[in-house]
Amino acid sequence: MRRTLVAILGAWSLIATSSVAVLARSQVTVEDVLIRGNRRLTADSIRYYIQTRRGDPYNPAQIERDIQALWAQNLFRNIRVYVQDGPEGGKIVTFEVEENPIIRDLKFVGLKSVQESDVLQRFRERRVGVSKEAMWDPAKGQVAKRVLKDLLAEKGKPEATVDIEVEELSTAAVAVTFKINEGPRVRVVKIEFEGNTVFSDKKLRKAMKEVRQASFLTRFTSRDIYHPEALKRSLERVRFFVLADNGYIDAQIGEPKVEMITQGGGIPLPLFRKPKRGLKITIPISEGKQYRFGKIEVEGNTLYTDEQILRIIGLRTGDVVRSTVIQKGVFETLKDLYGANGYIQMTANPRHELRDDPDDPKKGIADFTIEIEEGRQFILNRLEFTGNTNTRDKVLRREMLVSEGEVFNQYLWKQSLLRLNQLGYFEEIKEEHATFRTNDREGLLDIELNVKEKGRNQIQFTGGASGIGGSYIGIDYSTNNLFGYGESLTFSLAQGNLVRYFLFSFTEPYVLDRNVSLGFSLFARSYDFFGGGLGILSGGFLSPGLFGLRGESLFKDKTAGFSIFMSTPLATLTKRWWRLGQFSRIGLSYSYSANSIEDPPVNRDADPNNDIPVTFRQPNIRTSMLVPSFTYNTLNHPIDPTSGKSLFVSLGISGGFLGGNVRLIQPTVEFKYFRPTGIKFLGKETVIGMRVLASHITNYGAPFDSNSLAFVGGIPIFSRFFLGGEDSIRGFGIRSVSPVVPVLQRFSSRNVEAIFADDPDPFKTTRTLPVVPDTAPAPSQRPFIRQSVLEKFVFTDELLTRTLVPVGGDTQLLYNFEYRIPLAGPLSVAAFFDIGSAFNLKGYKDQQIISTPLSQFISPLFVASRRVIPLGHQLLTELASYEQILLNPNGFLATPEEVRIAQRAQGKLPSEVPDGFTQVKIRGLGNTRSEILLSEGARGLRGLRDYRASLGIEFRFQMPVINIPFRLIWAYNPNAKTTPGPNQIFFEEKSVFRFSIGRTF
């Protein structure tokens, strides 16, 4: 049996082999596959898409499939196939192709609403394949046409038409032109809802963000443009934030109806006039029932109990169902809870079943089941950083609150990113900049965080000319990451004819790799100012024309000192408030400064007769100050934050056990708050920010003994509070918002004597005229002066002027608000509102400033204004002036009539002094006493009534490299005092334009 089976199989094998040989001899094969007509593409590249190969059986059906495969590549505009008999009896298959031409020139004619770069970017996003040096394919052109029309529709041009013209430049190149007729801009002029009974159209429309009715604001935001996808997203917001957030979770929104309508009306002004023609969108809606939470169950949880989860997500039976509560509780809070324990892949799915409320058929009950898939717990295996070309890895690692080898905490990871952003070393770091790689089998997590270094140096050149600062030039340099370890260094230098300034500061953020920052600064300043005191004593009694004073009264304010400061996180001192402590720092600084206000140069030379009155002289001012502080800071950037808050509290103490001779206490509180509004302008997030600043300063113990305006109420005047300027209230001048008090300026003179007017050395001469009583006979010695004439030049506390002086406040309150809108690149705009006041919370005693008696000439003009001169006895004649008087032969003041008679009798000219008459000057010791009536100033909270406010808009341009904004500010001041008032010194304007450099807060 076995032999028979073998024989049968052998016979069958012989028959099959013979059949294959016969079939092979009768079938035609492909001898070769040729490619012709190709210019840019190689033959091998084309053969890649062809399945027909040399030696294969010739198959016409396969050749047809090859042709279809080549057409599918969109590389050719013509394909032909030729089949010829080969010399060996087979077939030679030739594919002749005509490649699509290259686009050598691409134009968009009539395109106005969109930039060409935006069109090409959209082509790339949609993978259209139309660009210069790309192959032209008419099918791609039709796709490009649709994409371009869609883009124009997004810009409010839904009726735009697009035509394509193709010009052959050669057999392999074309020029493609898109001819565009954009048509009119079509705006959405009306949005109506049908079927809504619970919610008004206004409330529903308010939730729509991307598509709105045309209004004044939408002309700038372009949100009155209809686009189907944008409308769909806006209606989803209506469903989520209005309907489902109020319990209407089964509400239905139908297909919107869009139609063109015409209308009229509106305010007949260009920006306020309503469009005559636009789109009306009608949206059908069915609100359904309002549902409340019924049974709430949790499934799949093992790490936490049902009660713990329900408590943390905030869903309670009987409450109205709210989508925002579910979103925050289930998808944010619950995810954070699991993520804090390493369960980063946890997913939660809320599922609900609806039923009628048995107590009210018009209401409903929703039973929720929270399905949880916990996943597994992950341990942080590796944490790596990329992109930090200058900053060392250890700088980033020391800010991380998560550690390798420990269970990954997603909450601490987010806080770590915030801490990195607060450094200011990098561009904003977001969660998507981190790449997570998980090993699900072993529960390990690797993270790669990509950062981008930003400019670490700020260089600013300063200079200018002003009445206060004179002419000067300066340079400021600072860096916040000097050697890549986070060190900060600041250097400032200024030199001018009135101001000289130097500052050097250095801070080490981690001393000996401990979370303790330590720094120091050295500073020196010299400042020359006019003896009138920055406008403080402006009555003119120091005028050379009044008392004959000569030279400029330039006082020199010299300050030099140092400061040492340190801080550490609260978490390093106590674990009690761990979360608060991660973003809180306790600081302590000490500063010592030596200050003196020196006399003008003329008061320090060898000639005592050219001295001028002193109003600010104050030597040996020593301030030794200790400032403990507390800072809480969650701002996401140190310079231009967009979210977070900060609180700064400090208490400055000087004098007493610290030494020095200035005793002050200065508490300060400053709060800042920033958050995104959720509103985007030109695709960028807008931000609101605000600042509240409150500070008070007072002296304790015995006040500093000062005979000048260098101190007011025992407080240095430059330590008191003045508001106004671009860093506080933008619409008012620098230091112009301040309490003002009256100043009575009095003059006294004694030891008056008459000297000859032509004496070559009038200050040092001892040649004086003898004094003769009025009733005594004329002496033989001439000339002489009568007693009554000299008495006219003797004054005792003569009131010169009553003026006002700004003395600064011991308290300041300031509030700033900004709505920041980024425009393009470094350009942004901000609407602002500033309001504040500097006032005195406590009352002060009056002060006196008594100048040192100085030898000076007393002007006859001043005497004439203060004394009643009898008729016929005038101080001023052609031969007398504000510097000198003319005496007659009897020693009395010469009258004009006496002078004329004597000149005619002696044949003198009107400009010549008659014989017997004498020109003299009156010299004496004079001093002033200024009464600063601090008791008459407003005190207590009444000072708040004299607040100032500004509102307006400013444009900012962030300068590269120096990282400082240039600002153009327009401010409107609603309570500016534009007309002179009883307590007004500075001129105030209702609206102002200013240019500034820097930031308000």
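**Exercise 1. Pairing around strand 3**

Task: In this predicted model, find which residue of strand 3 stands opposite Arg-36, and how strands 1 and 2 run relative to strand 3.

Solution.
- Start with the partner. Glu-96 of strand 3 is opposite Arg-36.
- Take strand 1 (residues 30-36) next. It runs parallel to strand 3 (residues 91-99), and 6 bridges join the two.
- Move to strand 2 (residues 76-85). It is antiparallel to strand 3, with 9 bridges.
- Check a pair across strands 2 and 3: Phe-76 faces Glu-99.
- Finish at the turn. The hairpin of strand 2 and strand 3 has 5 residues between the strands, and Gly-89 there has a positive phi near 95°.

**Exercise 2. The two sides of strand 38**

Task: Sort the residues of strand 38 (residues 854-857) by the way they point, and state whether they are buried or exposed.

Solution.
- Recall the pattern: side chains in a regular strand alternate between the two faces of the sheet.
- Apply it. Leu-854 and Gln-856 point one way. Ser-855 and Phe-857 point the other way.
- Read the burial. All four of these residues are buried.
- Add the neighbouring strand. Strand 40 (residues 918-932) pairs with strand 38 in the antiparallel sense, over 4 bridges.
- Place one bridge: Ser-855 has Leu-925 of strand 40 as its partner.

**Exercise 3. Rings around Trp-413**

Task: Classify the ring pairs that Trp-413 makes with Phe-408 and with Phe-436.

Solution.
- Set the scene: the protein has 22 aromatic pairs.
- Take Phe-408 and Trp-413. Their ring centres are 6.2 Å apart and their planes stand at 50°, so the pair is tilted. Both residues are buried.
- Take Trp-413 and Phe-436. The centres are 6.0 Å apart and the planes stand at 85°, so this pair is edge-to-face.
- Locate the partners. Trp-413 is in helix 12 (residues 410-423) and Phe-436 in strand 15 (residues 434-439), so the pair ties together parts 23 residues apart in sequence.
- Compare accessibility. Trp-413 counts as buried because its relative accessibility is 2%, under the 20% cut-off. Phe-436, at 30%, is partly exposed.
- Note a cluster elsewhere: Phe-108, Phe-123 and Phe-178 form one aromatic cluster.

**Exercise 4. A buried asparagine**

Task: Describe where Asn-973 lies and which side chain it makes a polar contact with.

Solution.
- Locate it. Asn-973 is in the loop between strand 42 (964-972) and strand 43 (991-997).
- Read its accessibility. The relative accessible area of Asn-973 is 0%, so the residue is buried.
- Find the polar partner. The side chains of Asn-973 and Ser-950 make a polar contact at 2.5 Å.
- List the surroundings. Beyond four places in sequence, Asn-973 touches Gly-731, Phe-732, Ala-949, Ser-950, Glu-989 and Lys-990.

**Exercise 5. The nonpolar cores**

Task: Name the residues that touch the most other members of the largest nonpolar core.

Solution.
- Give the pair. Ile-932 and Leu-934 touch the most other members of this 31-residue core.
- Trace contributors. Strand 29 (711-712) and strand 31 (740-756) each supply at least two residues.
- Follow Leu-934. Beyond four places in sequence, its contacts include Val-712, Val-741, Val-807 and Tyr-844.
- Separate the second core. It has 24 residues, among them Phe-378, Met-400, Leu-401 and Leu-423.
- Step back to the whole protein. Buried residues make up 43% of its 1001 residues. The protein has 17 helices and 43 strands.

Note on methods. Residues numbered from 1 in each chain as written. Predicted model: local features only at pLDDT ≥ 70, side-chain atom pairs only at ≥ 80, totals over all residues. Heavy atoms only, no water. Core = buried A, V, L, I, M, F, W, Y, C linked by side-chain atoms within 4.5 Å. Buried < 20%, exposed > 50% of the residue type's maximum accessible area, 1.4 Å probe, protein only. Contact = heavy atoms within 4.5 Å. Polar contact = N/O pair within 3.5 Å; in protein donor to acceptor, adjacent residues only side chain to side chain. Pairing = 2+ DSSP bridges. Phe/Tyr/Trp six-rings, centres within 6.5 Å; stacked < 30°, edge-to-face > 60°.
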